[in-house]
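Visitor: I would like to learn how to read a few features of a model, one at a time. Could we begin with the terms for exposure and then move on to charged pairs?

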Amino acid sequence: AGINGVAATNVTFPIGIIAAALALMIGDGCAANVSLALGRKEQDRADKIFANGVVLLFLAGFLLAGCGLLFTEQLVVFFGASPSVVAESVKYMSITLLGQPFAMFNMAFTAIIRADGNPKYMMRSMMIGAALNVILDPIFIFGWEPLGIAPMGIAGAAVATVIGQWVAAILAIIFNITRNPDVSFALRYLKPRLDILKKILTVGIPSIIMMAIGSVMNFCMNQIF
């Protein structure tokens, strides 16, 4: 994708950190509260906490993506994009924002999987998504004539990233909904409950603070460069 492409991916990195911070806040908060409920033998409350965590993830992910798509150019300039890379940065961010909600689901659910004692499944889902991203990167960036795929440059790198995020998120969602023995997913539990949402966010605050520090550091480095 060239020098400008590399610069564009670096400029848009803070939005990924923000998404990760939100995901870990919700995932860690949800996992901790689910574990506490299961320890008290409150299966019904554990299921409600899990469902409310899903609702919170959905709202946070698509709100972030929506706001990002509305103010993409302003954001890349704010993050430190120079005039020569603004166009590439906007192109890359506008595509990767479509994958951020799924990336957030993957990160949050893997936190719950860790609490459930299944780190191997978490590792497999993340590795499959990452490997798919690596495989698709050169195909979409440089094109592949036998499949009729034209070179896409920086946009191709973004598309490969989004596909990897989608696949990893789907695997994490499937496990938590169909194979997690400790919590069960039911539509009737999706109604948001203020007391549960408050507990999830309260426990998850340290996670978002730690990730926010990384985002601020990246922002400062972009401004210096």
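Guide: Let us start with exposure: a residue is called buried under 20% relative accessible area, exposed over 50%, and partly exposed in between. Please keep in mind throughout that this is a predicted model.

Visitor: With those cut-offs, how should R193 be classed, and which residue forms a salt bridge with R193?

Guide: R193 has a relative accessible area of 33% and is therefore partly exposed, and its salt-bridge partner is D195, with the closest N and O atoms 3.3 Å apart. D195 likewise counts as partly exposed, because its relative accessibility is 34%. The pair does not stand alone, since salt bridges that share partners join R45, R193 and D195 into one network.

Visitor: What is the general idea behind such pairs, and how many salt bridges does the structure hold?

Guide: Side chains of opposite charge can pair when their charged atoms come close. In this model there are five salt bridges, and two further examples are found within helices. In one of them K48 pairs with D44, the closest N and O atoms being 3.2 Å apart; in another E88 pairs with K91, where the corresponding distance is 3.6 Å.

Visitor: Why are K48 and D44 separated by about one helical turn, and how far apart in helix α5 are E88 and K91?

Guide: K48 and D44 are four residues apart in helix α3, which spans residues 43-70, so about one helical turn separates them. E88 and K91 are three residues apart in helix α5, and so they too are separated by about one helical turn. As for exposure, K48 is partly exposed at 21% relative accessibility, D44 is partly exposed at 37%, and K91 is also partly exposed at 37%.

Visitor: Turning to the backbone, which residue has a positive phi although it is not a glycine?

Guide: Most residues other than glycine have a negative phi. Here K41 has a positive phi of about 65°; K41 lies in the loop between α2 and α3, and with a relative accessible area of 74% it is exposed.

Visitor: How should I read the largest pocket, and what kinds of residue line it?

Guide: A pocket can be read by its volume, by the elements that supply its lining and by the chemical character of that lining. The largest pocket has a volume of about 570 Å³ and is lined by 21 residues, with G16, Q100, A103, T161 and Q165 lying nearest its centre. Helices α2, α5, α6, α7 and α8 each supply at least two residues of this lining, and the largest share, five residues, comes from α2. In character the lining divides into 10 nonpolar and 11 polar residues, with no charged ones.

Visitor: How many aromatic pairs does a search of the whole structure find, and is the pair of F78 and F79 stacked or tilted?

Guide: The search finds three aromatic pairs. For F78 and F79 the ring centres are 6.0 Å apart and the planes meet at 50°, so the pair is tilted. F79 is buried, its relative accessible area being 5%.

Visitor: Finally, how many disulfides does the count come to?

Guide: A disulfide is a covalent bond between the sulfur atoms of two cysteines. The count here comes to zero. Among the cysteines, C30 is buried, with a relative accessible area of 2%, whereas C67 counts as partly exposed at 37% relative accessibility.

Terms used
Residues numbered from 1 in each chain as written. Predicted model: local features only at pLDDT ≥ 70, side-chain atom pairs only at ≥ 80, totals over all residues. Heavy atoms only, no water. 1 Å grid on protein atoms, 1.4 Å probe; cavity = no way out; pocket = protein on both sides within 12 Å on 5 of 7 lines; lining within 4 Å. Points joined across faces, edges and corners; volume = space filled by probe spheres on them. Nonpolar A, V, L, I, M, F, W, Y, C, P; charged D, E, K, R; others polar. Salt bridge = Lys/Arg side-chain N within 4 Å of Asp/Glu carboxyl O. Buried < 20%, exposed > 50% of the residue type's maximum accessible area, 1.4 Å probe, protein only. Phe/Tyr/Trp six-rings, centres within 6.5 Å; stacked < 30°, edge-to-face > 60°. Disulfide = S-S within 2.5 Å.
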